[in-house]
Amino acid sequence: MILRNYFILLLYLITGLCFFSGTSGWTETKKSEKEPQKQLVLPPQNWLDTTPIRDTRKLLLKRSSGFVYRCMECHKDFKTPLESVNEPIGEHQGMIFDHGLNINCLSCHHPENRGVYIDHDFREISEDQSVYLCRKCHGPVYRDWEAGIHGRMNGYWDRSRGLRTKLSCNQCHDPHQPAFKQLVPMAPPAASRLQRVQKGSQHD
Amino acid sequence: MTEQQKQNLNETESLDQKTRQPLSRRSFLKIGAGTAVSLTAFGWALSPLANLTEDISLNEFLQQHYERLTPEMMAEIIARLEDEIKHDYGIDPSIQDIKPLNGVEYAYALNIGRCIGCRRCVYACMQENNTSRSPEIQYIRVLELEKGTLDLEKSSHYYNHKAVPQKDKYYMPVQCQQCEKAPCTKACPVRATWKEPDGIVVVDYNWCIGCRYCMAACPYWARRFNFTKPVIPKEEITTEMAYLGNRIRPRGVVEKCTFCLGRTRQGLYPACLEVCPTGSRVFGNVLDPDSPINYILNEKRVYVLKEEAGTVPRFYYFFDK
């Protein structure tokens, strides 16, 4: 009799386990399918880390292997379309373009020399001076940046004592999708008496 | 010999006679018991001095107010503090007493339109200022507010999202506003906190009696109290310390943001600004007409928190792209 009871209990347990594991697995896959994969910037290991948000290694058209891109090696044969590009091909595959009304590659990239940018009067803007490219349209922001109130400053506020470093536009904004990316926030303050008070007030 | 002198002589003789009288048993016991009681009471009253070494040394007990210290006294105090920190935390700190710079008054501006509430500033501040990790002391609180309102009552600083900024929210970090008419300094009964010539409100941690009147007086909740001896992992301690700034505080004193005076008085930016990924924070010398902070005060619409409190803060908020 007792043995039979145990057997029934075991049966219940097994069916329960199967059910719960099944449901949790199902919801998880459903969740991951639903949510698009977003690239989030994780909190730094060292709290006083001052590296800019964007990885600037790629900006100089280099990769960690040391290989240097020369745009014109391909682009002397492949012409860039003058209209907007919906499906980028080749090395540009997977790029997302979300820069408002600015949808043409050649608004910024020089038609004859793809390694540099283009100014209003077709003059070349070198790659490391991309700030001069952005100011073509973003005048007020450029003015603020020049005055030192847009973008982070590092180093010395007192310039008689040391250098003050500015970040360039593309160290925070991706030029192809310039809106500032979402970040993972650091942990909230530790639980305290005040938190309990606040939670209580929210339930009211 | 006049009559008066004679009289005086008589009186002295009578006194002599009185004192030469043998002490009665009753008065001997009275005097003896009285002396014993008073000596015991005196000893008991002074007994805390004997136990000073446990929590506070005699030198610390007798230390003068910061503004009365001579350079020699300060050197002695710093040596003692360095020894204490080395003994308690096992690191080799270097404490400096950095004086304010001439012709400098600091001001801070924060762009609420750009802050995304990532709390990097909070943790950089903890690291730089050697605040206690357990219990946690943070100088900066990042408030999350609904768009279209400035109601601080409905704000939350315990938000815990997977990613920030959230839609239809904006973020406002609040720290010490370094008020020109700081109510905290008026509330202090012992003048352990005061305003320096460069505008920073500082605390002499060795003069503070821990009454927390200043905390009650502050309308921004900018001051924190060390209920216990600060607990900080050895490898996370910043060894460059300032006497009025980020040196490790003793138990039972109030501490606060000092615009990282150990850094800023040497020309550097505060730690919270150095790590801000969005560049929302602007710091500088308000007396320098070419400084970025002056550009903001001249060109942007700034506002101060709780203007009606009449504290005249040095911390300005502005909305900008």
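How much area is buried between chain B and chain A? About 4,100 Å², with carbon and sulfur atoms giving 59% of that area. Keep in mind throughout that this is a predicted model.

**Stop 1: the chain B side of the interface**

Start with R120(B), Y123(B) and Y158(B). In chain B, these residues lose the most area to chain A, together 18% of what that side buries. Now widen the selection to every residue in contact across the two chains. You should have 54 residues of chain B against 43 residues of chain A.

**Stop 2: the salt bridge**

Select D144(A) and K300(B). Their side chains meet in a salt bridge, 2.9 Å from N to O. The count of salt bridges between chain B and chain A is one. Polar contacts add to the picture: 20 residue pairs between chain B and chain A, both residues at pLDDT 80 or more.

**Stop 3: the elements that touch chain A**

Stay on chain B and colour by element. Which elements each supply at least two residues of the side that touches chain A? They are α6 (120–129), α10 (271–275), β10 (281–285) and α11 (292–299) of chain B. Pick α6(B) next. The largest share of that side, five residues, comes from α6(B). Then colour the touching side of chain B by residue class. Its residues divide into 25 nonpolar, 14 polar and 15 charged.

**Stop 4: chain A alone**

Hide chain B. Chain A has five helices and four strands. Trace chain A from the N terminus: the elements run α-α-β-β-α-α-β-β-α. Now colour by burial. Of the 204 residues of chain A, 22% count as buried. The accessible surface of chain A comes to about 15,700 Å², and 59% of it belongs to carbon and sulfur atoms. For a contact map, take the contacts in chain A between residues at least 6 apart in sequence: 42% of these join residues at least 24 apart.

**Stop 5: chain B alone**

Swap the chains. Chain B holds 11 helices and 12 strands. Repeat the burial colouring. What percentage of the 321 residues of chain B count as buried? The value is 49%. The accessible surface of chain B comes to about 16,600 Å², with 54% belonging to carbon and sulfur atoms. Draw the contact map again. Among contacts in chain B with a separation of 6 or more, residues 24 or more positions apart account for 66%.

**Last view**

Show both chains together. Centre on K300(B) and D144(A), the salt-bridge pair. Then turn to α6(B), which gives five residues to the side touching chain A.

Key: Residues are numbered from 1 along each chain as its sequence is written. Chains are lettered from A and ligands numbered from 1 in the order in which they are written. This is a predicted model: local features need pLDDT of at least 70, side-chain atom pairs count only at pLDDT 80 or more; totals for chains, interfaces and linings use all residues. Side-chain values use heavy atoms; hydrogens and water are left out. Contact means heavy atoms within 4.5 Å. Buried area is the accessible area (1.4 Å probe) that two parts lose on being put together, summed over both. A salt bridge is a side-chain nitrogen of Lys or Arg within 4 Å of a carboxyl oxygen of Asp or Glu. A polar contact is a pair of N or O atoms within 3.5 Å; within protein, one must be able to donate a hydrogen and the other to accept it, and residues adjacent in sequence count only if both atoms are side-chain atoms. Ala, Val, Leu, Ile, Met, Phe, Trp, Tyr, Cys and Pro count as nonpolar, Asp, Glu, Lys and Arg as charged, and the others, Gly among them, as polar. Buried means under 20% relative accessible area, exposed over 50%, partly exposed in between (1.4 Å probe, protein chains only). Accessible areas come from the Shrake-Rupley method with a 1.4 Å probe; for residues, only the protein chains shown count as cover.
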